[in-house]
Amino acid sequence: MQQSIWRGIKLVFCKELTIGMRFKAAWAAMFMFALTTLACVSMAMQGGAVEPRLLAALLWVSLFFAAMAGADRVFADEDTAGTLLTLHIFGPAQAVLLGKMLYTLFLLVLLALFITPLFLVLMDVAVAAPLVLLGTVLLGCFGIAAAGTLIAALTTGASVHSGLFSILMLPIILPVFLPAISLTAGAFGGGAVTVSYLGGMALYDFILLVGASILFDYLWYED
Amino acid sequence: MITIKFEAVTQSFYGRTIFQDINAKLRSGTITAVTGQNGSGKSTLLKLAAHFMLPAAGRVSVVEDARELRREELRNRLAMVTPELRFYPRLTARENLAFLLGLRGIELTETKFQALLARVGLRDQAVATTVTGEFSTGMRQRLKLAALLAAEADIWLLDEPGANLDAAGRELVLREARQAADEGRLVLWATNDEREEAAADAAIHLAGH
């Protein structure tokens, strides 16, 4: 990859981070959603024993919906601020896509680092395979970031942007979700861990990344 | 030598024809004014030149030494000042320019930044550290000119560049556009200002439909 693209990715990432730190609405929405969900689930369960598979599903539902509260904003915020044209004029497509994807991934990993330990404590879960859990969470976050960034770009400008974003995300992210829930359940001690699922998630993430990269060029230049 | 060619270009939106059968050949080193009443399609013509939209009929091409530039190549060669161009309101003038120019591989040093601000008449020290969301409309317009000047672009597309500027600002636009054309840049500007129109080497008049 050309050095200029790396530089562009870094610039877009730093710009997103600077704006995100000055205007914390997206961060607050994501983290408050996660906190509220966890609090509700924890209080509803009242310390009762829950199946590992159900626990895994609850963790991923919390992560996914918290991510939905912020991941769709990467392009919508540009549209609202009217800066999309500016970015179109100055920004090379790949630097814009990958910079924004990296920022979304950064946010999601932060979110996962916040949610997962809290979830484990509140739900009193013992982790049998911590490395599997870590790998699953990272690959899951990558998948959500890759798909989320592309779909956010596709749905920008649509009058029903948020609804469309969620509808389009679901089928694309299911191949990440299903093995993630299964692996997480395994990591929680709910049966054997099928390690090949991790390979499958990594492969699907890679396909999402390459697909997004190819599609985005058309979206950016041929619009 | 860059040439923008409009060949029998027609544009329409929702069945309404904005302009039709426009033929023009614009060359580096010249200023071409696009004139016409409001709604006649001046801004649209600039967007067509930038390949931000496709014409309903006809062809728009940007050619350099007999080779047509691809869209992504063209994007790197042009700079625009339009009312739709916005800066990031939560970034300072310096952060905005450093980010945008950085995407083009241009480093914005402090000396260069200060020189740019002085050149476009934004000398106030607070300008550098104030987020652009707090700028007045005129200050934003001057900052757009700073981005234009610093972008080192071969094609300047200017949509009402003197809008929201005082007399000195309008004079600045005229002077910089002339200098850019003299340096070999292609300048295309949409205007309703008689002085800007008079300063151009050629004009495309859109009659409106």
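**Exercise 1. State how many bridges join β1(B) to β2(B), and in which sense the two strands run. Then trace the sheet around them.**

Solution.
Step 1. Count the bridges. β1(B) and β2(B) are joined by 8 bridges and run antiparallel. The model is a predicted one.
Step 2. Pick out residue pairs. B:F6 has B:A24 of β2(B) as its bridge partner. B:Q11 faces B:F19, also in β2(B).
Step 3. Look at the turn. The hairpin of β1(B) and β2(B) has 2 residues between its strands. There, B:Y14 adopts a positive phi near 50°.
Step 4. Move to the next neighbour. β1(B) is also joined to β4(B), by 7 bridges, and this pair runs antiparallel. The bridge partner of B:I4 in β4(B) is B:V62.
Step 5. Add the last strand. Strand β4 (residues 57–64) of chain B pairs with β5(B) over 2 bridges, in the antiparallel sense. Here B:E64 is matched with B:R67 of β5(B).
Step 6. Assemble. The result is an open sheet of 4 strands in chain B, ordered β2-β1-β4-β5, with antiparallel pairing. Its edge strands are β2 (16–27) and β5 (67–68) of chain B, each pairing on one side only.

**Exercise 2. Determine the strand order of the open sheet of 5 strands in chain B, and decide whether the pairing is parallel or antiparallel.**

Solution.
Step 1. Read off the order. The strands follow β6-β7-β8-β3-β9 in chain B, and the pairing is parallel.
Step 2. Find the edges. β6 (78–81) and β9 (202–205) of chain B each pair on one side only.
Step 3. Get the twist. On average, neighbouring strands of this sheet are turned by 15° against each other, direction ignored.
Step 4. Check one pair. Strand β3 (residues 31–35) of chain B is joined to β9(B) by 4 bridges, and the two run parallel. B:V34 has B:I204 of β9(B) as its bridge partner.

**Exercise 3. Work out which strands of chain B helix α1 lies across or touches. Then do the task for helix α6 of chain B.**

Solution.
Step 1. Start with the parallel sheet. Helix α1 (residues 42–49) of chain B lies across β3, β7 (155–159), β8 (186–190) and β9 of chain B. Its angle to β7(B) is about 160°.
Step 2. Turn to the antiparallel sheet. α1(B) packs on that sheet too, touching β1 (2–13), β2 and β4 of chain B. The direction of α1(B) makes about 130° with that of β1(B).
Step 3. Combine. α1(B) therefore has contacts with strands of both sheets, given a contact cut-off of heavy atoms within 4.5 Å.
Step 4. Place the other helix. Helix α6 (residues 137–150) of chain B lies across β6 and β7 of chain B, at about 170° to β6(B).

**Exercise 4. Describe the interface of chain B and chain A: its residues, its buried area and its polar pairs.**

Solution.
Step 1. Count residues. Chain B gives 29 residues to the contact and chain A gives 25 residues.
Step 2. Take the area. About 2,500 Å² is buried between chain B and chain A, with 66% of that from carbon and sulfur atoms.
Step 3. Rank contributors. B:Y88, B:R90 and B:L103 supply 27% of the area that chain B buries against chain A, more than any other three residues.
Step 4. List the polar pairs. There are 7 residue pairs in polar contact across the interface. The salt bridge count across the interface is 1. The side chains of B:E95 and A:R22 meet in a salt bridge at 2.7 Å, N to O.
Step 5. Assign elements. α2 (71–77), β6 and α3 (93–103) of chain B each give two or more residues to the side that touches chain A. The largest share, 6 residues, comes from α3(B).
Step 6. Sort by class. That side of chain B has 16 nonpolar, 4 polar and 9 charged residues.

**Exercise 5. Explain why A:D77 and A:R73 are separated by about one helical turn.**

Solution.
Step 1. Identify the pair. The side chains of A:D77 and A:R73 form a salt bridge at 3.6 Å, N to O.
Step 2. Use the spacing. Both residues lie in helix α4 (residues 73–81) of chain A, and they are 4 residues apart, so about one helical turn separates them.
Step 3. Set the total. Over all chains, the count comes to 23 salt bridges.

Key: Residues are numbered from 1 along each chain as its sequence is written. Chains are lettered from A and ligands numbered from 1 in the order in which they are written. This is a predicted model: local features need pLDDT of at least 70, side-chain atom pairs count only at pLDDT 80 or more; totals for chains, interfaces and linings use all residues. Side-chain values use heavy atoms; hydrogens and water are left out. Two strands pair if DSSP finds at least two bridges between them. Axes are lines fitted to C-alpha atoms, for helices over the stretch in contact, and angles run from 0 to 180 degrees between N-to-C directions. Buried area is the accessible area (1.4 Å probe) that two parts lose on being put together, summed over both. A salt bridge is a side-chain nitrogen of Lys or Arg within 4 Å of a carboxyl oxygen of Asp or Glu. A polar contact is a pair of N or O atoms within 3.5 Å; within protein, one must be able to donate a hydrogen and the other to accept it, and residues adjacent in sequence count only if both atoms are side-chain atoms. Ala, Val, Leu, Ile, Met, Phe, Trp, Tyr, Cys and Pro count as nonpolar, Asp, Glu, Lys and Arg as charged, and the others, Gly among them, as polar.
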